[in-house]
Each structure stands twice: as C-alpha cells, then as structure tokens.
Amino acid sequence: MARTLLHLPHQRSGTPPIDATSNDGMLPIDLIHQILLRLPTEPSCRFRAVCRSWRSMLCHPDFIAAARNPGPLLAAAVLENFSKVLDTESGDEVKQVDFVAAADGGSSCCSLDPKSHERAVCVIGKDRRQISLLDPATGAISVLPDHTQLEGATTWCTIGRSASTGEHKVLAIAATSTMSSEAEACKILTLSCTDHVWRETASAPMKAARTRTGFPVVNGVAYMLGYLRAGSEFSHRIMEFDLDREAWRPATIRTPVILFGLNLCELQGHLVVSCDNRSTAIDIWFLVDSQRSTWSKRYTITMPHHHHNPLSYHVYFEKPLAILDDGRIVMWMRVANMNIHVHDDTFLRIYDPRTQTFSDGTRIPSCNRATVFTWSVLHTGHEGALDTVARQALIRRRHQ
C-alpha cells in the first residue's frame with residue numbers, strides 16, 4: 001500500500017496522523033500498519049488489547065477506512081424520522097435507527113462525525129430548500145446553512161468526495177421550476193472547512209430532470225440528468241460537475257437510450273444508467289467512455305411485474321443499489337398504490353442473473369430514499385449499535 005495513506009492531505013479535525021501514534025515495539029510503525037491492514041476485522045478488534053499503541057492505530061479512523069476487510073454491505077431506507085437498516089443478502093430489516101439532532105440542534109455541518117461523511121445522505125426539507133445530512137447508520141443529523149433565498153425554488157443536492165483532496169463536498173442546485181431556462185443557483189460547500197460557507201459556481205448547462213433517485217458521485221464527479229427540448233421533442237443528456245475544479249464540464253454525455261424513467265446510480269465504481277420499460281425488461285448500462293458517450297449494456301433483467309391486484313397496486317423498479325460478491329444484484333423496488341391517499345411501499349429485491357430468480361425483503365412504507373454503505377466492526381463508541389449485525393453477516397459469509 002502506498003505510504004500516502006499514512007499522510008492524508010486533509011486530516012480529520014482533532015485526529016493525528018497514523019504515524020504520529022506511539023510505537024512500543026521493535027518494528028517500524030509503518031510496517032506494523034501494513035501488516036495489521038491485511039488482517040480480518042475480528043482479529044483486528046481483539047488486537048486492540050495488545051498495547052496502547054496498537055489500540056491507538058486500530059481505532060484510528062484512517063485505519064478503519066483503509067482496512068482490507070471493511071465489513072458487510074448494508075442498505076438503509078431513509079424515512080422522515082428514522083432509517084431502516086436492511087441486510088443486502090436477504091433484504092430483511094435488521095435494525096431501526098432513530099434520527100437524533102446534535103446537542104446544538106444540528107445547526108452546524110460540523111455536528112456530523114467526519115467518519116460518517118462517506119455514508120451520509122442529503123435530504124431536502126419539506127420547504128424544498130433546507131438541506132440536512134443524515135447518517136442512516138447512527139441516526140446523527142446535521143442541518144446545513146441556507147443556500148438560497150429564492151421563493152418557491154426546488155432544490156437538488158448530493159454529497160461526494162473530491163478525487164484529489166479526499167474532502168467531502170455538498171453540491172446544491174436551486175431552480176424556480178424544472179421548466180426554467182437554467183438553474184437559478186448552483187453552490188458548493190466543503191464539510192471540512194470551518195467557516196461552513198456556500199460558494200457560488202456557474203449554473204448548470206441545461207435544465208435539470210426531476211428524479212426520485214438523486215444524482216450520484218463517481219470518482220470525484222457528480223452526474224445529473226438533464227434534458228433538451230426542441231418543440232415537442234425531448235432528449236436526455238447527463239451533466240458532469242467536477243468536485244475538484246468545482247465547475248461543470250462543458251460537454252454533456254448522451255444517454256444510451258432515449259426513454260423517460262431513466263435513473264442514474266453508481267455501481268462498482270462506474271456511472272450506471274438503468275431503465276425499466278415496464279413491459280418486458282430492465283436494462284442496466286455502464287459508462288465506458290464519457291467523452292464519446294460510449295455505454296456497455298451488461299444486464300438485461302426480465303421478470304414478471306407482479307400485478308396481484310391491478311386495480312390496487314403495481315410493483316416497479318426504481319434503481320440498482322449494489323452488485324454482491326456472488327454476482328447477485330440488489331434492486332430498489334417500489335409498490336405504486338393506485339389509491340392516491342395511500343403512500344407507496346418500497347423493498348429490496350435480490351436478483352440472481354445466473355438463475356433469473358429473485359427474493360423480496362421487508363416492505364418499507366413511505367420511503368423516498370435508499371442508500372448502501374459498508375459497516376465495519378472496527379467502528380467504536382456509540383457507532384457500535386450495528387456491530388452485532390456486521391458480525392452476524394461475516395459469520396454467514398464464512399459458512400456460505
């Protein structure tokens with residue numbers, strides 16, 4: 001492993017570099033660090049009792065982030081006051097985590113533990129303007145400063161890591177309506193900065209397309225679905241915002257198909273477009289070359305769209321969330337109720353492309369956001385609430 005992992009350019013507040021920890025043994029601290037990184041997570045937890053220097057290293061947030069065996073992949077359905085943590089192997093609910101504001105009311109973006117920025121979810125308030133960061137694993141909430149004064153504006157936002165500095169940034173776009181000529185305001189905020197001030201950037205190059213699945217960040221670039229209108233014809237394009245340069249890239253990416261209902265997500269380090277034509281199949285395209293708008297269709301999923309009661313509800317595909325180690329695809333599904341007074345249910349569907357079979361998990365009512373994150377048993381303190389879940393998942397993995 002490169003030594004740069006021991007000297008991150010932007011250290012977390014109040015956390016010393018790993019090589020600044022004491023060393024009670026004969027081996028160099030760098031060598032000990034490289035050896036311990038290669039251990040499974042459970043022995044690493046036990047080795048914290050060896051000595052103070054090992055405990056300091058093994059509890060260090062940078063060590064946890066760089067560990068070879070980070071732990072099982074979990075999913076979270078984010079609701080208004082709590083999140084439902086789901087097992088991605090089965091789709092079943094394993095824990096409910098209530099959201100709890102910081103002691104200061106959650107009015108500062110520093111109230112969220114920096115270790116949780118990687119799994120934080122951006123949520124828009126009921127006023128369609130206020131942005132909060134939620135940690136679906138611990139329940140911590142951080143309310144960000146106001147980013148726009150526009151009345152009646154609709155806000156889109158996302159959080160992602162800068163490719164060069166490792167800093168986490170929040171990108172927010174406010175528009176008076178989705179049919180306006182361009183976004184009225186585009187601003188960015190760096191979570192590690194102490195002033196917590198939004199910085200204004202150039203407007204998005206085209207109109208933003210409304211989507212419930214958000215816009216992903218892949219390798220330091222945020223992707224957002226936009227559209228062009230020529231008379232009665234619409235065409236989709238994908239806009240790119242570089243978090244390093246804090247600017248929109250001039251060129252846009254053509255989508256692989258021209259259909260409504262396209263969703264963007266990140267899978268295995270790639271930008272992915274998924275499309276459900278709601279009649280025959282779900283197509284999942286991986287971006288190969290952004291400059292040439294080259295895509296590879298890696299999956300075509302055919303499955304029955306269950307209409308147990310066509311007059312009552314339909315089951316629709318939202319987006320893929322993850323691809324498991326054994327090749328199964330974790331998909332986020334929605335049960336659309338025909339009764340407008342009944343909120344939609346959502347659930348995980350675990351699809352096996354080898355056998356073309358699937359299993360469904362726990363239904364979650366009134367949920368508009370889902371995310372996946374890795375939980376390591378190396379986490380400590382109040383974050384240990386999910387340690388039991390992680391250990392059980394590791395035990396199941398060993399016996400498969």
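**Exercise 1. Find which side chain pairs with K169, and place both partners along the chain.**

Step 1. The side chains of K169 and E246 meet in a salt bridge, with N and O 2.9 Å apart; the term stands for a side-chain nitrogen of Lys or Arg within 4 Å of a carboxyl oxygen of Asp or Glu.

Step 2. K169 sits in strand 9 (residues 168–175), while E246 is in the loop between strand 15 (233–242) and strand 16 (247–248), so the bridge ties together parts 77 residues apart in sequence. Helices (H or I, at least four residues) and strands (E, at least two) are DSSP runs numbered from the N terminus.

Step 3. K169 counts as buried because its relative accessibility is 5%. Here buried means under 20% relative accessible area, exposed over 50%, and partly exposed in between (1.4 Å probe, protein chains only).

Before going on, a word on the model: it is predicted, so local features need pLDDT of at least 70 and side-chain atom pairs count only at pLDDT 80 or more, whereas totals for chains, interfaces and linings use all residues. Residues are numbered from 1 along each chain as its sequence is written, and side-chain values use heavy atoms, leaving out hydrogens and water.

**Exercise 2. Work out how R199 relates to E246.**

Step 1. R199 also forms a salt bridge with E246, and the closest N and O atoms are 2.6 Å apart.

Step 2. R199 belongs to strand 11 (residues 199–201) and E246 to the loop between strand 15 and strand 16, so this pair joins parts 47 residues apart in sequence.

Step 3. With 28% relative accessibility, R199 counts as partly exposed.

**Exercise 3. Trace the salt bridge of R328 and the network around it.**

Step 1. The structure holds 13 salt bridges. One of them joins R328 to E89, with closest N and O atoms 2.4 Å apart.

Step 2. R328 lies in the loop between strand 22 and strand 23, and E89 in the loop between strand 2 (82–87) and strand 3 (93–98), so the two are distant parts of the chain, 239 residues apart.

Step 3. R328 counts as buried at 16% relative accessibility, and E89 as partly exposed at 28%.

Step 4. Salt bridges that share partners join E89, D326 and R328 into one network.

**Exercise 4. Describe the surroundings of A322.**

Step 1. A322 lies in strand 22 (residues 313–323) and is buried, with a relative accessible area of 6%.

Step 2. Leaving aside residues up to four places away in sequence, A322 touches L73, L267, R328, I329 and V330; contact means heavy atoms within 4.5 Å.

Step 3. A322 and L73 are 249 residues apart in sequence, yet their C-alpha atoms are 8.8 Å apart in space.

**Exercise 5. Map the largest nonpolar core.**

Step 1. A nonpolar core is a set of buried Ala, Val, Leu, Ile, Met, Phe, Trp, Tyr and Cys residues joined through side-chain atoms within 4.5 Å. The largest one has 18 residues, of which L267, I284, F286, Y299, I301, I329 and M331 touch the most other members.

Step 2. Strands that each supply at least two residues include strand 18 (262–267), strand 20 (282–289) and strand 23 (329–337). Strand 23 gives the largest share, four residues.

Step 3. Y299 touches, among others, I284, F286 and I329, not counting residues up to four places away in sequence.

Step 4. A second, separate core of 17 residues includes V221, L262, L264 and W285.
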